[in-house]
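Open the model in your viewer and keep the selection tool handy. We will go from stop to stop, and at each one you will hear what to select and what is there.

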Amino acid sequence: MRTTYAVGIDVGGTRIAAGLVERKGRLVKEARTLTPHTDGPFAIVDAVIGLINEVSAGTQPAEVAGIGIGLPAQIDFLKQSVEFCTNLPLTGVDVRALVTSRIRQDVVIDNDGHCAAIGESRFGAAKGVRDFVMVTLGTGVGGALFLDGQPYRGSRGLGGEIGHIVVRIGGAPCPCGGEGHLEAYLGRPALAAAGRAAAGSYRGGGIAKLAGGDASAITAEHVVEAARAGDEAALEILADAGDVLGEALVGVVNVLNPRLIVVGGGIGEAAPEILNHAAARIDEHALAGRRDVKLVRAELGNDAGVLGAAALAFQEHDTREGLHR
Ligand SMILES: [Zn+2]
């Protein structure tokens with residue numbers, strides 16, 4: 001049976017977003033709530049179920065293809081299990097079974113970076129592109145590889161962690177426990193730390209001013225805002241971040257030869273300097289013949305995760321039913 005809607009859920013460290021989505025990507029109804037991140041896994045599952053009920057109210061069960069849930073976690077997609085989750089207490093929690101037991105719909109879970117990439121590939125910046133790389137710059141640095149029209153998941157579904165490419169051997173500590181990974185230089189905490197360090201010099205006054213004169217209160221957003229106002233120290237921080245991203249992407253481009261690199265996430269979409277510097281690095285250092293890769297900003301913004309999770313639910317439904325798009 002050809003269904004009309006799917007529900008997409010995007011679970012983030014601070015909020016959970018949900019949407020009732022039509023096949024062509026139109027968001028018919030939206031709802032969101034703060035993530036109850038200190039109340040244990042069941043509170044998170046309860047919040048997800050509450051949002052599913054809210055957005056699907058008024059639809060018939062037969063009209064809904066299923067529920068797609070994007071989680072900020074490493075997911076074994078084949079087993080549909082949560083292998084590792086740093087920001088929320090979901091490691092080892094059978095989210096899919098818990099939701100399925102209370103909602104009479106098919107449920108599929110995936111990594112949030114994969115969901116965003118699926119969203120961009122179906123409805124956004126990478127529409128119609130079979131080979132692309134997605135990088136999300138936010139609190140963490142995430143990503144996904146889309147190869148030959150499908151998200152590449154690796155042998156256990158854990159592939160695509162671009163944020164944990166080593167860019168400096170023995171470098172800065174990464175939130176994952178590793179050293180010198182991309183996220184250690186580009187995540188919100190890293191940009192904020194660079195802003196605070198700059199505020200200690202005579203040139204960083206503009207960034208500190210945005211934080212009310214309190215250098216210890218500087219966030220990544222202050223750095224981005226100062227750069228937008230032309231502050232030199234802030235521009236330099238973002239240029240450096242873009243150079244580091246570009247260096248990591250040179251390797252990715254050389255290995256995979258993607259047509260497009262889509263940069264999303266709150267920081268990625270707000271700081272064109274990062275994108276421009278990364279593009280220049282690729283242009284200078286990638287192997288000949290691969291440099292025509294384009295770096296573009298994601299188009300779906302905060303909706304990418306919800307739309308991608310819904311697209312995944314449609315895809316799983318159609319595979320089960322033997323339907324072809
Ligand atoms: Zn790491």
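Before the first selection, one cut-off is useful: a residue counts as buried under 20% relative accessible area, as exposed over 50%, and as partly exposed in between. Please also keep in mind that this is a predicted model.

**Stop 1: the zinc ion**

Select the zinc ion and show the side chains around it. Which residues coordinate the zinc ion? You should find His164 and His181, each through ND1, together with Cys174 and Cys176, each through SG. The coordination distances run from 1.9 to 2.3 Å. Along the chain, these donors follow the spacing H-x9-C-x1-C-x4-H.

Now look at the angles. The four donor atoms subtend 99 to 118° around the zinc ion, so the arrangement is tetrahedral. For reference, the ideal angle for four tetrahedral donors is 109.5 degrees.

Stay here and select the two cysteines. Are Cys174 and Cys176 buried or partly exposed? Cys174 has a relative accessible area of 6%, so it is buried. Cys176 has 39%, which falls between the two limits, so it is partly exposed.

**Stop 2: helices α3 and α11**

Next, select residues 112-123, helix α3, and residues 304-321, helix α11. Two packed helices are described by the angle between their axes and the distance between the axes. Here the axes come within 7 Å and cross at roughly 80°. An angle of 65 to 115 degrees counts as roughly perpendicular, and α3 and α11 are therefore roughly perpendicular to each other.

Show side chains where the helices meet. On the α3 side, the residues in contact include Cys115, Ile118, Glu120 and Phe123. Among those they meet on the α11 side are Ala304, Leu307, Ala311 and Leu312. By class, this contact has nine nonpolar, three polar and two charged residues.

**Stop 3: Gly266**

Move to helix α9, residues 265-270, and pick Gly266 within it. Gly266 has 45% relative accessibility, so it counts as partly exposed. Leaving aside residues up to four places away in sequence, what does Gly266 touch? Its contacts are Leu137 and Arg188. For a distance check, select Ala217 as well: it is 49 residues from Gly266 in sequence, and the C-alpha atoms are 19 Å apart.

**Stop 4: Pro189**

Finish in helix α5, residues 188-199, where Pro189 lies. At 49% relative accessibility, Pro189 counts as partly exposed. Then add Ser81, which is 108 residues from Pro189 along the chain; their C-alpha atoms are separated by 28 Å.

How values were computed
Residues numbered from 1 in each chain as written. Predicted model: local features only at pLDDT ≥ 70, side-chain atom pairs only at ≥ 80, totals over all residues. Heavy atoms only, no water. Donors = N, O, S within 2.8 Å, 3.2 Å for Na, K, Ca; no water. Tetrahedral: all angles 85-135°; square planar, octahedral: opposite > 155°, others 65-115°. Buried < 20%, exposed > 50% of the residue type's maximum accessible area, 1.4 Å probe, protein only. Helix = DSSP H or I, 4+ residues; strand = E, 2+ residues; numbered from the N terminus. Contact = heavy atoms within 4.5 Å. Axes fitted to C-alpha atoms, helices over the stretch in contact; angles between N-to-C directions. Parallel < 35°, antiparallel > 145°, perpendicular 65-115°, else oblique. Nonpolar A, V, L, I, M, F, W, Y, C, P; charged D, E, K, R; others polar.
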